[in-house]
Protein chains: 2
Amino acid sequence: MKYCSLCGAPVEQRVPDGDNLPRHVCGQCGTIHYTNPKVVVGCIPRWEDRILLCRRAIEPRLGLWTLPAGFLENEETTIEGAMRETLEEASARVEVKDLYTLFNLPHVNQIYVMFLGDLLDLDYGPGPESLEVDLYREEEIPWDRIAFPVVEQTLRLFYEDRRRGSFGVHTGDIRRLPGEGRVYDIRMLKGR
Amino acid sequence: MKYCSLCGAPVEQRVPDGDNLPRHVCGQCGTIHYTNPKVVVGCIPRWEDRILLCRRAIEPRLGLWTLPAGFLENEETTIEGAMRETLEEASARVEVKDLYTLFNLPHVNQIYVMFLGDLLDLDYGPGPESLEVDLYREEEIPWDRIAFPVVEQTLRLFYEDRRRGSFGVHTGDIRRLPGEGRVYDIRMLKGR
Ligand SMILES: [Zn+2]
Ligand SMILES: [Zn+2]
């Protein structure tokens, strides 16, 4: 951010009175421009013993597999957002049932909120952001071609819970470790 | 938003190619400026059979009681944010245990993420945004002077769960109904 979005004057980065973090402050109108983490919402769309995965048609991680998920929009709930993303990315209608995971990704200023969903029919297909969309059994999941650690971790929890016969709500932190490789530190909060 | 925060030129509101919602788009550099919901994080700080409430020293709802909570900052996790807000508003240290509620407030573009916490000691007091801070037993809660419906609903779930002897994770939507009064529609997602 270089300019004030309200008056167009240049902003400076400084700690406002009574605050303890540097913010973008307008030199002309005085507005403090806060930036905050974004919420990504999505679901695990289930059909009998299979789940729906999407192969990404866009960067980052083009060509790899993911669950339908995307940024929560203003004026929608997390469930509405999860249903919208499933429709946009997989042309699929789901009944979104239960909150399943909440992950913090502080290195990219995101929190992921994923739900359990049930496909309402088998009329699905790739939306503009997907190359292909298909149903997978556990033994068919392309574990080495999953786009994001948060999606892989969500899927691992899902199959663990399914084997145990009980789905909890899981919370955890996923941080990318410094360095060249794609290495992540995943810590689950003691769940219930 | 009237001006582009990157180049300072005026923005226009239009639906970008491949999108389906109007966004602020810069007429000069073409940047699309998205706005997204904000995350509020907080906790229920417990000490034996009492919980810590804060009386607000700031608008909105100045003078009314609330749980420590505030906007999640970049680069922090929801748990770190809940601990920070408890320290800032109540000068209190908590161990944050479990995710407790996730509420959607689509009319104000917020989602509330509240945790269960345990006070580590009794050294608490009002921070700059609080008039007073004190421990309350259930029968002492000032139900008619709680600042926000999301806080009241969180407290009601907490005491219901405590009576049942089991704390779940609860998700729901809270919407302000049109009209003059402060009337809200509260819908819980079938929880576990
Ligand atoms: Zn300004
Ligand atoms: Zn621009």
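**Working through a two-chain zinc model**

Lay chain A on chain B and you get an RMSD of 0.0 Å, by a turn of 180° and a shift of 0.0 Å along the axis (least squares on the C-alpha atoms of residues with pLDDT of at least 70 in both). This is a predicted model, where local features need pLDDT of at least 70 and side-chain atom pairs count only at pLDDT 80 or more, while totals for chains, interfaces and linings use all residues. Residues are numbered from 1 along each chain as its sequence is written, chains are lettered from A and ligands numbered from 1 in the order in which they are written, and side-chain values use heavy atoms, leaving out hydrogens and water.

**Exercise 1.** Work out how the two copies are related.

Step 1: start from the turn of 180° and the shift of 0.0 Å along the axis. Step 2: the copies are thus related as by a two-fold rotation axis. Step 3: check the surface; 100% of the contact residues of chain A (contact means heavy atoms within 4.5 Å) recur in chain B, so the same surface serves both copies.

**Exercise 2.** Describe the site of the zinc ion (ligand 1).

Step 1: pick out the protein donors (N, O and S atoms within 2.8 Å of the metal, or 3.2 Å for Na, K and Ca; water is not among the atoms, so sites may look incomplete). They are the SG atoms of Cys4(A), Cys7(A), Cys26(A) and Cys29(A), 2.2 to 2.4 Å from the ion. Step 2: look at the angles. They run from 98 to 119° among the 4 donor atoms, which makes the site of ligand 1 tetrahedral (four donors, all angles between 85 and 135 degrees). Step 3: read off the spacing, C-x2-C-x18-C-x2-C. One pair links distant parts of the chain: Cys7(A) sits in the segment before strand 1 of chain A and Cys26(A) in strand 2, 19 residues apart (strands are DSSP E runs of at least two residues, helices H or I runs of at least four). Step 4: compare accessibility. Cys26(A) is buried at 4%, whereas Cys7(A) is partly exposed at 22% (buried is under 20% relative accessible area, exposed over 50%, partly exposed in between, with a 1.4 Å probe and protein chains only).

**Exercise 3.** Find the edges of the sheet in chain A.

Step 1: the open sheet has 3 strands in the order 1-2-3, with antiparallel pairing (pairing takes at least two DSSP bridges). Step 2: strand 1 (11-14) and strand 3 (32-33) each have a single partner strand, so they stand at the edges. Step 3: strands 2 and 3 of chain A pair over 2 bridges, and Val25(A) stands opposite Ile32(A).

How values were computed. Tetrahedral: all angles 85-135°; square planar, octahedral: opposite > 155°, others 65-115°.
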